[in-house]
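Reader: Please set out the architecture of this chain, step by step, with the reasoning behind each answer.

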Amino acid sequence: MAAVHPQPPQESLPPGWECRYDPRTGRHYFLNHVEHITTWEDPRLRPSTLQQVSTFIYTQTKEIT
C-alpha cells in the first residue's frame, strides 16, 4: 500500500522552487534548484530578495530627492 501524506499547497511556487514531503517530520519543505537551498519556510509567504532590494533603493532615492 502506498504511503498517504498531505498534499502541498496548490498555489504556484516561484520559478526554480519545488515542494516535497518529509515523511520523517510529516511536513512539507521547499527546494530552490537555482540557489541550491532547502527551507521549511514557504517562499510564497515572504517577499523576494529582489522586492526587498527594490523597496530599499526606492526608499533611499526618495529620501535623497
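Author: The questions and answers below go from the chain as a whole to its strands and then to single residues.

Reader: Which pattern do the helix and strands follow along the sequence?

Author: The model is a predicted one. The chain contains one helix and three strands. Read along the sequence, their order is β-β-β-α.

Reader: What share of the residues counts as buried?

Author: The accessible surface of the chain is about 5,600 Å², and 58% of this surface belongs to carbon and sulfur atoms. Burial is assigned to residues under 20% relative accessible area. Of the 65 residues in the chain, the share that counts as buried is 17%.

Reader: Among contacts between residues at least 6 apart in sequence, what share joins residues at least 24 apart?

Author: A contact here requires heavy atoms within 4.5 Å. Among contacts between residues at least 6 apart in sequence, those joining residues at least 24 apart make up 19%.

Reader: How far apart are the end C-alpha atoms of the stretch that UniProt lists as "domain: WW"?

Author: The UniProt record, an unreviewed entry, lists residues 11–45 under that name. Over residues 11–45 the chain is 0% helix and 43% strand. The C-alpha atoms at the two ends of this stretch are separated by 11 Å.

Reader: In what order do the strands lie in the sheet, and what is the average twist?

Author: Three strands form an open sheet with antiparallel pairing, in the order β1-β2-β3. The edge strands β1 and β3 each pair on one side only. From one strand to the next, the twist averages 30 degrees.

Reader: How many bridges join β1 to β2, and which residue in β2 stands opposite Trp17?

Author: Strand β1 covers residues 17–22 and strand β2 covers residues 27–32; the two run antiparallel and are joined by six bridges. One bridge partnership is that of Cys19 with Phe30 in β2. Opposite Trp17, in β2, stands Asn32.

Reader: Which residue in the turn between β1 and β2 has a positive phi?

Author: β1 and β2 form a hairpin, with four residues between the strands. In the turn, a positive phi of about 75 degrees belongs to Gly26.

Reader: What is the bridge partner of Leu31 in β3?

Author: Strand β3 covers residues 37–39, runs antiparallel to β2 and is joined to β2 by three bridges. In β3, the bridge partner of Leu31 is Thr38.

Reader: Is His36 buried or exposed, and what is its relative accessible area?

Author: His36 is found in the loop between β2 and β3, in a hairpin with four residues between the strands. Its phi is near 60 degrees, a positive value in a residue other than glycine. A residue counts as exposed over 50% relative accessible area. His36 is therefore exposed, as its relative accessible area is 70%.

Reader: With which side chain does the side chain of His33 make a polar contact, and at what distance?

Author: His33 lies in the loop between β2 and β3, and at 43% relative accessibility this residue counts as partly exposed. Leaving aside residues up to four places away in sequence, His33 touches Gly16 and Glu18. His33 and Glu18 are 15 residues apart in sequence, and their C-alpha atoms are 7.8 Å apart in space. The side chain of His33 makes a polar contact with the side chain of Glu18, at 2.6 Å.

Technical notes:
Residues are numbered from 1 along each chain as its sequence is written. This is a predicted model: local features need pLDDT of at least 70, side-chain atom pairs count only at pLDDT 80 or more; totals for chains, interfaces and linings use all residues. Side-chain values use heavy atoms; hydrogens and water are left out. Buried means under 20% relative accessible area, exposed over 50%, partly exposed in between (1.4 Å probe, protein chains only). Accessible areas come from the Shrake-Rupley method with a 1.4 Å probe; for residues, only the protein chains shown count as cover. UniProt positions are given in the numbering used here, feature names are shortened, and annotations may be inferred rather than shown by experiment. Two strands pair if DSSP finds at least two bridges between them. Axes are lines fitted to C-alpha atoms, for helices over the stretch in contact, and angles run from 0 to 180 degrees between N-to-C directions. A polar contact is a pair of N or O atoms within 3.5 Å; within protein, one must be able to donate a hydrogen and the other to accept it, and residues adjacent in sequence count only if both atoms are side-chain atoms.
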